[in-house]
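Ready to work through a protein model by hand? Take a look at the sequence and structure below, then try each exercise before you read its solution.

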Amino acid sequence: MSRRWGPIVTGVALALTFLILLVLGTLGPDRPSRTGEVPVAQGKAAPPDWMRKLRDGEKPPQFVLFSFDGAGSHAHWQRVLPLAEKVNAHVTGFLSGIYLLPDHLRGEYAGPGHGRGRASISFGGTDAEVATRIDDLNTAYQRGHEIGTHYNGHFCAGNEPSGGRWTTADWTSELDQFFSIVRGAAARGLAVPENAFKGGRVPCLEGDPDEFLPAVGERAMTYDTSVTSEGIAWPELRDGVWEFWVPVIRVPALSGKRVIMMDYNLWYSLNGAKEEPGRDAEFTSVTLDTYRAAYQAAYNTNRAPLTVGNHFNDWSGGAFSRATEQFMNEVCVRPQTVCATYSEVIAWMKLQDPEVLDTYRTKPHAQVS
Ligand SMILES: [Zn+2]
């Protein structure tokens, strides 16, 4: 198991480029919009028909977990929410906490080892921009989507001390501050309860799981989705926290080069993550083919839940967001396929006979050939 828990190799240059692009790309201009709406608590709809124990000989549904890091872009929520509705998908947004901290309150946040009011990404902007974001999160949550954490300051390699160097105490401080921001946002109308934040993804996938998982487990959170696996593998429980692996797979269009299946990593492997909007159609097509191949590999073999990790970005002409949206549009309506949130998959796993699930868990990880 240890081979899968090693540090994630990420070049400093890659992380720096990423940070710059993240700041430029993720927080587009948000339009202040409707505020003051009274949010309705998440409805208790009847459970979906797949939320049950498998019948004798029945295969697990192919779960696809769409997740969006940052979760602060109004424009992207406006695209994803109707699409998810149309194809009956539930998705997960990993919120960067400081997106809910207006600029004038930035001094309330101090990242571990960093000064007050400092971060590698923008703070929340104006009160109106924060209100818009709260509105989006409330709407997403009411529609059955899940909100988790992408922590706060987004300190990656090169902006030291970065998450890769943080101790459990540092991660605990980061989470304490995240929840303190969430409580502050509740006073501004955020209707996602504190105990609904059940898991997260660490920025740039940087962080030692031996350090951050205890901080996650300590808070009775139930999952993490920051650690890579070779191929597509079933989640594993460690110290009370389910790890939903981010798969490393072969990319067919890149002569089988192995890439972490996240939008940024795909972009980096395509052209070093340079803005080339003129190649957007090509990048969309390569990314879409990669997602399709990964899905098919899991579907045909171990049926391990497939994590599709994304940012709300417009990199290279929006090539990667478009690929994800197209994939969601086609895959979530396939037979024996369910686009669900992390907590939904955990609830489903709990309903299963462990021995039946083990027959799938112990199969070799699904690989794209
Ligand atoms: Zn991120």
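## Around helix H7

What covers the buried residues of H7 includes strand E1 (62-70), strand E9 (246-251), helix H6 (263-271), strand E11 (306-311), helix H8 (315-331) and E12. Here, contact means heavy atoms within 4.5 Å, and buried means under 20% relative accessible area, with over 50% called exposed and partly exposed in between (1.4 Å probe, protein chains only). Helices (H or I, at least four residues) and strands (E, at least two) are DSSP runs, numbered from the N terminus.

A quick note before you start: this is a predicted model, where local features need pLDDT of at least 70 and side-chain atom pairs count only at pLDDT 80 or more, while totals for chains, interfaces and linings use all residues. Residues are numbered from 1 along each chain as its sequence is written, and side-chain values use heavy atoms, with hydrogens and water left out.

**Exercise 1.** Find out how far H7 reaches from its first C-alpha to its last, and which of its residues are buried.

- Step one: H7 covers residues 280-300, which makes 21 residues.
- Step two: the expected span is 1.5 Å times one less than the number of residues. That gives 30 Å for H7, and the helix reaches 30 Å.
- Step three: look along H7 for buried residues, and you'll meet Phe283, Val286, Leu288, Tyr291 and Tyr295 among them.

**Exercise 2.** Work out which strands pair with E1, and where E1 sits, enclosed or not.

- Step one: nine of the nine residues of E1 are buried, so this strand is largely enclosed by the rest of the structure.
- Step two: two strands pair if DSSP finds at least two bridges between them.
- Step three: E1 and E11 are parallel, with six bridges; Asp69 has His311 of E11 as its bridge partner.
- Step four: E2 (residues 92-95) also runs parallel to E1, over four bridges, and Ser67 is opposite Thr92 there.
- Step five: three bridges link E1 with E12, again parallel, and Gln62 partners Thr337.

**Exercise 3.** Describe the lining of the largest cavity.

- Step one: a cavity is a set of points on a 1 Å grid over the protein atoms alone where a 1.4 Å probe fits but cannot get out, and lining residues have an atom within 4 Å of a point.
- Step two: the lining is His154, Phe155, Gly163, Trp166, Trp171, Pro203 and Glu206.
- Step three: sort them into four nonpolar, two polar and one charged. Ala, Val, Leu, Ile, Met, Phe, Trp, Tyr, Cys and Pro count as nonpolar, Asp, Glu, Lys and Arg as charged, and the others, Gly among them, as polar.

Key: On a 1 Å grid over the protein atoms alone, a cavity is a set of points where a 1.4 Å probe fits but cannot get out, and a pocket is an open set with protein on both sides within 12 Å along at least five of seven lines; lining residues have an atom within 4 Å of a point.
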